[in-house]
Amino acid sequence: MRAIDSNLVEVKVPQLSESVSEATLLTWHKQAGEAVREGENLIDIETDKVVLELPASKSGVLSNIIKGNGEKVTGNEVIAQIDTEGTARMAVPPAAGEGAKLAALPPSVRKLAHEHEVDAANLQGSGRGGRVTKEDVMNAAQAAKPTPSPLVGEDGGEGRSLAMLSGTRTEQRVPMTRIRHRIAERLLQSQQNAAILTTFNEVNMQPLIDLRNKYKDAFEKKHGVKLGFSSFFVKAAALALQQFPVVNASVDGTDIVYHGYFDIGVAIGSERGLVVPIIRDADKLSYAGIEKQIADFAARAKDGKLTMEELTGGTFSITNGGVFGSMLSTPIINPPQSAILGIHATKDRPVAENGQVVIRPMNYLALSYDHRIIDGREAVQFLVTIKEALEYPGRVLLDL
């Protein structure tokens, strides 16, 4: 925002990243003529990556809304004006006011309330401390749906209800969110512009399970974060990327760009769709550092509070369909990256060891790669390196 005369301040869309050309205004939390406080969220703005909150830079009165809900905007575009002298004419509402209640809600809850036309500010929250949750919004939206009224026949009597006419074969058409539309575009782009192949391998997770069970309590006590399996996969991938630089590379026209850093994206499912925040310099981070970043990403992804910078870039990605029960899949590369690692559910399976059939907790790994620059030999060896790093975690810890 910048001053345009002695008392008017422009409300402008934040500067978007180079990869984001436009955004969508979701919900104004103030109407023209209402008082606003400095730092109070005025509107939620959705890009193809995140939902941004735009706080007021000054207290005053929202004197003019130039762009309304649902309109497309670009970076630095003026969407409203604040009259800073309006504070003398209109009292700023107390923190308990409706606008403040809405501003206190997570962006994901406000967005859901807007989509279903629910007045979230007046809901009785069922969450901790009376907080309004997504379930509260959906329950209110369901309760507000009108009961289908009977149709009137030509003879003046009651005809069959709409439900009886259409049976249960209902349809609903809703526009894609910006992030879902962008996901669709990128997946199609990946399929069309890369020669994608997938190689598979299996890993015995018993050594990792034993290591985690032995140290998880001490780890959490010291570092304040739970020890999961994600950090082991990230460290294993970082090790393999250092040994096979082409898997960490990308294609730019007729050039291959080799990256001298290892920024690994970790796919996280959210209400708005799949997001892939980036762990920068993953090779230099400790296991605790990686676990803390992933936990922070997951928490903020639920509320749509990841920044565009955190979702931009990356030289390699990891996706874990196992958390949803997937046994095997062929993940799609996230362009302009050249490879992605797919992790799946760990299940007890019979395997042969030393001529004997034994039961082991096995996980199938999948590596999708761009065959334009990565040969099958390199892809297979890369995945074997990850497998060995997971089955012999002591070698990674000792840098062997």
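The side chains of R300 and E310 meet in a salt bridge, with 2.7 Å from N to O. This contact ties together distant parts of the chain, since R300 sits in helix 8 and E310 in the loop between helix 8 and strand 18, ten residues apart. A salt bridge here is a side-chain nitrogen of Lys or Arg within 4 Å of a carboxyl oxygen of Asp or Glu. Helices (H or I, at least four residues) and strands (E, at least two) are DSSP runs, numbered from the N terminus.

Before we go on, please keep in mind that this is a predicted model, in which local features need pLDDT of at least 70 and side-chain atom pairs count only at pLDDT 80 or more, while totals for chains, interfaces and linings use all residues. Residues are numbered from 1 along each chain as its sequence is written, and side-chain values use heavy atoms, with hydrogens and water left out.

Let us stay with the charged pairs. The count comes to ten salt bridges. Another of them joins E77 to K67, with the closest N and O atoms 3.3 Å apart. Here too distant parts of the chain are linked: E77 is in the loop between strand 7 (72-73) and strand 8 (78-83), and K67 is in the loop between strand 6 (60-65) and strand 7, ten residues apart. K67 counts as partly exposed because its relative accessible area is 21%; buried means under 20%, exposed over 50%, and partly exposed in between (1.4 Å probe, protein chains only). E353 and R360 also pair through their side chains, at 3.1 Å from N to O. E353 is partly exposed at 27% relative accessible area, and R360 is partly exposed at 25%. Elsewhere, K30, R37 and E40 are linked in a network of salt bridges.

Now look for the loop between helix 8 (287-302) and strand 18, where T315 is found. T315 has a relative accessible area of 2%, so this residue is buried. Its C-alpha atom is separated by 8.1 Å from that of Y261, 54 residues apart along the chain. A similar question can be asked of E85, in the loop between strand 8 and helix 1 (98-104). E85 is partly exposed, at 44% relative accessibility. E85 and L8 are 77 residues apart in sequence, with 8.2 Å between their C-alpha atoms.

On the surface, F200, M327 and L328 make a nonpolar patch of about 290 Å². Patches are made of residues with over 30% relative accessible area and no salt bridge, with like charges joined within 9 Å and nonpolar side chains (Val, Leu, Ile, Met, Phe, Trp, Tyr) within 5 Å. Accessible areas come from the Shrake-Rupley method with a 1.4 Å probe. M327 lies in the loop between strand 18 (316-320) and strand 19 (339-343), and at 49% relative accessibility M327 counts as partly exposed.

Finally, turn to the inside. A search of the whole structure finds two cavities of 30 Å³ or more; a cavity is a set of points on a 1 Å grid where a 1.4 Å probe fits but cannot get out, and lining residues have an atom within 4 Å of a point. The second largest cavity has a volume of about 30 Å³, a volume being the space filled by probe spheres set on the points. Its lining is made by F232, K235, A236, Y287, A389, L390, P393 and V396. Helix 7 (230-243) gives the most, with three residues.

How values were computed:
1 Å grid on protein atoms, 1.4 Å probe; cavity = no way out; pocket = protein on both sides within 12 Å on 5 of 7 lines; lining within 4 Å.
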